[in-house]
Amino acid sequence: MAKTSKSAATNADLQVRRGNGGETHQVAEDGYDVLTTQQGMPVSDDQNTLKQGARGPALIEDTHFREKIFHFDHERIPERVVHARGYGAHGYFETYEPLTELTRADLFQRAGEKTPVFVRFSTVAGNKGSFDLARDVRGFAVKFYTQEGNWDLVGNNIPVFFIQDAIKFPDIIHSVKDEPDRGFPQAQSAHDNFWDFISLTPESMHMIMWTMSDRAIPRSFRFMQGFGVHTFRLVNAEGKSSFVKFIWKPKLGMQSVVWNEAVKINGADPDFHRRDLWNSIQMGDFPEWELCLQTFDQAFADSFDFDVLDPTKLIPEELLPAIPVGRLVLDRMPENFFAETEQVAFMTQNIVPGIDFSNDPLLQGRNFSYLDTQLKRLGGPNFTHLPINAPKCPFHNFQQDGHMAFHNPRGRANYEPNSWGPEIGGPRETEAGFRSIADEPEGPKQRIRPESFADHYSQARQFYRSQHLIEQRHIADALVFELSKVETPAIRVRVVSHLLNVDADLAQTVADGLGLRTLPKAASPMVQPRDDLPTSDALSILKNPPGTFKGRKLGVLVTDGVDAALIDALKQAVDAAGAVMELIAPAVGGVEASDGTLIAAHHKIDGGPSVVFDAVAILAGEEGALGLLKLPPARDFVADACAHYKFVAFTEPAKKLLAKAGLPDDLDDGFVSLATADDAKAFIAACGALRFWDRPDGA
Ligand code: HDE
């Protein structure tokens, strides 16, 4: 029945309550905050518009309706042109030891100093609503709220970039995004435009090796490295500067998924990465990274053929160790996604005294771009007033007015110099303020790519050769996959002509995978690629295994008749390893164990495929196992776990399901039979290797 109007409560029934932030709430008798308009007027009816009679027409006098719909109509702001899909968290950075010799940056002056941070991880190519496990670079942007202003280290999970000069940024990004005539594909580099651009841009080859590698399909944000990419400078109190490269290393070690798994995760859980971060922080399992510095001087920079200002190059850690100087801990999710994660405005130009830019042409271009983009996205010059963007140290200047000004100068003075005295005269500059390094650029004004940027292949080759054989195979598979989606044969051939300059075997494997009958001629390099660069194990994920199941997730498929003691034993082993266990059952209501206990499940089998777990176990009773045979998702659960090289534990009755899923009788050592508590412990210990790569028929 249509509601007419609420019976009259009066103002006298409302009380005022003061919130944590000092704000006031009107509270009704039932204890709920009172719903009000933006102007604070209490609302009596939020279910019906104001109408003439019961059946209308609606009246424009309904100011509450007008305000509500007006606000709704304006809810969206432009998404980021790149890095639109992202997820952020709060935390802190703790300095290990003072770095006074290297930098006067305030956050590095005191051991144990904790600087608040906000971090946003992102993909690059996809729109805001795209899936998490695209093959893509991940953004790793950190805003440090230091005592001397905000420092933004806006990095990626890959230490090099596609291009050497910022003027090519719109081109590379246009090429990877959806093609403008058809509006697809979404969040994928596997299409003609991207590979067309790449095949005509040899400087991208090093980055291509990385994006085709497992680095571009991380298991979660918690298992990724981060890089500042550019060479920056640190400057100490005497004004002495050193070059520096910034590297974040995850405490849990690196881990990636396999491509076939990524494709399936995107269907099963498009929010896989954000859910992972959310869950781990909510559980109190706070992710951590160490900030490591590679510092060097001009003489060291000059010892290389390549230019340290070239963002397509890195300095291998074997040549220059990355020294840990502090740790980043993420321990709090935003209270509101839009207010914080969406409105956060990272800018490379947010720098603090003691840190400075280098002349890397990509960095210089970025310093131009980020301010513009914030103005467009956030709609006015006062985006720095938003709580997520405002410094947490005092700040004073004479900037005023504009849209949404929260902090205008106090008092009479809004200019300087003035003679109003310290009380009302406003702030003044200080000797201790930021000073740019006294660089002395030389040479004519010109548009030119320096010769020192000309070697496009040597480090691509070095990266490829530094990979584990399994990782090399993944790179070749990724290239074949991506190029097989390219419809124009000439583009495929052009890419292979570049691969010939990287590694002949890789080029041949890709050519075979594409069904190329003859190899093209190698592309003509501007300088001959070097064949003598030593491999660097630090560049490989698999050569640096964490050797622990900590922070990972076991999925246990259970049925009626399961042995409850075995579930307990497994849970204890998982807890002891610092990992997480979730139960999957034919129905989410759960199962009845052999001793009659009812055990609730986290997932129904259809919604809990093995791809969202790091390892799996199938704990089936006799009857239950027969039931599983009839469920296609249960068969996929096992077949996928096998194809994705996962460790799989199983009870005797579950063997029938393994057979039904097409697994051989002589199971490899990645399959562990489970009957006792000791078996459970041994299984979780084995899971520390994360994958059983020796399986011959993985995906
Ligand atoms: Fe960005 N980049 N970028 N970028 N970038 C943006 O700023 C740009 C580059 C990176 O979580 C934009 O706020 C240019 C390299 C991250 O909010 C924009 C160039 C690296 C994020 C922009 C680059 C990055 C961005 C879009 C070439 C790794 C997400 C939205 C010179 C070191 C930050 C925004 C977040 C975002 C411009 C290249 C990292 C348009 C012109 C290299 C992590 O300003």
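A residue counts as near the ligand if one of its heavy atoms lies within 4 Å of it. Keep that in mind for the first exercise, and remember that this is a predicted model.

**Exercise 1: the ligand shell**

Work out which residues come nearest to the ligand, which side chains put polar atoms by it, and which element gives the most to the shell.

*Step 1.* Start with the shell itself. There are 22 residues around the ligand, and the ones that come nearest are Arg80, Arg120, Arg366, Tyr370 and Gln374.

*Step 2.* Now go looking for polar atom pairs, with 3.5 Å as the cut-off. Arginine 120 has a polar side-chain atom 2.6 Å from an oxygen atom of the ligand. For arginine 366, an N or O atom of the side chain sits 3.3 Å from a ligand nitrogen. Histidine 83 also makes the cut, with a side-chain N or O atom 3.4 Å from a nitrogen atom of the ligand.

*Step 3.* Next, sort the shell by element. Two or more residues come from each of β5 (138-146), β6 (149-156) and α9 (361-378). Helix α9 gives the most, with 6 residues.

*Step 4.* Finish with the chemistry: the shell holds 11 nonpolar, 8 polar and 3 charged residues.

**Exercise 2: two helix pairs**

Describe how α13 packs with α14, then do the same for α2 and α3.

*Step 1.* Two packed helices are described by the angle between their axes and the distance between the axes. For α13 (residues 489-502) and α14 (residues 504-514), the axes come within 6 Å and cross at roughly 155 degrees.

*Step 2.* Angles over 145 degrees count as roughly antiparallel, and α13 and α14 are therefore roughly antiparallel to each other.

*Step 3.* Check who touches whom. From α13 come Arg492, Val496, Leu499, Leu500 and Val502, and they meet Ala504, Leu506, Ala507, Val510, Ala511 and Leu514 of α14. That contact divides into 10 nonpolar residues, no polar ones and 1 charged.

*Step 4.* Over to α2 (residues 169-176) and α3 (residues 192-199): their axes are 6 Å apart, at an angle of about 145 degrees. Asp171, Ile172, Ser175 and Val176 in α2 meet Asn193, Phe194, Phe197 and Ile198 in α3. Here the split is 5 nonpolar, 2 polar and 1 charged.

*Step 5.* Don't skip the loop between α2 and α3. Proline 185 lies there, and the peptide bond leading to proline 185 from phenylalanine 184 is cis, with omega near 0 degrees. Alanine 187 is in that loop too, with a positive phi near 55 degrees despite not being a glycine.

**Exercise 3: strands and their partners**

Give the strand order of the open sheet of 6 strands, then find the pairings of β11 with β3 and β10.

*Step 1.* Strands of a sheet pair through backbone hydrogen bonds, either parallel or antiparallel. The open sheet runs β17-β14-β13-β18-β19-β20, with parallel pairing. Its edges are β17 (603-604) and β20 (671-673), each pairing on one side only.

*Step 2.* Zoom in on β13 (residues 553-558) and β18 (residues 615-619), which are parallel and joined by 5 bridges. Leucine 557 stands opposite isoleucine 618 of β18.

*Step 3.* Add the helix lying across: α17 (residues 632-643) covers β13, β14, β18, β19 and β20, and runs at about 140 degrees to β18.

*Step 4.* Lastly, β11 (residues 323-332). It pairs antiparallel with β3 (residues 86-95) over 6 bridges, and glutamate 94 stands opposite arginine 327. Strand β10 (residues 288-296) also pairs with β11 in the antiparallel sense over 6 bridges, where cysteine 292 has proline 324 as its bridge partner.

Conventions. Residues are numbered from 1 along each chain as its sequence is written. This is a predicted model: local features need pLDDT of at least 70, side-chain atom pairs count only at pLDDT 80 or more; totals for chains, interfaces and linings use all residues. Side-chain values use heavy atoms; hydrogens and water are left out. A polar contact is a pair of N or O atoms within 3.5 Å; within protein, one must be able to donate a hydrogen and the other to accept it, and residues adjacent in sequence count only if both atoms are side-chain atoms. Helices (H or I, at least four residues) and strands (E, at least two) are DSSP runs, numbered from the N terminus. Ala, Val, Leu, Ile, Met, Phe, Trp, Tyr, Cys and Pro count as nonpolar, Asp, Glu, Lys and Arg as charged, and the others, Gly among them, as polar. Axes are lines fitted to C-alpha atoms, for helices over the stretch in contact, and angles run from 0 to 180 degrees between N-to-C directions. Angles under 35 degrees count as roughly parallel, over 145 as roughly antiparallel, 65 to 115 as roughly perpendicular and the rest as oblique. Contact means heavy atoms within 4.5 Å. Two strands pair if DSSP finds at least two bridges between them.
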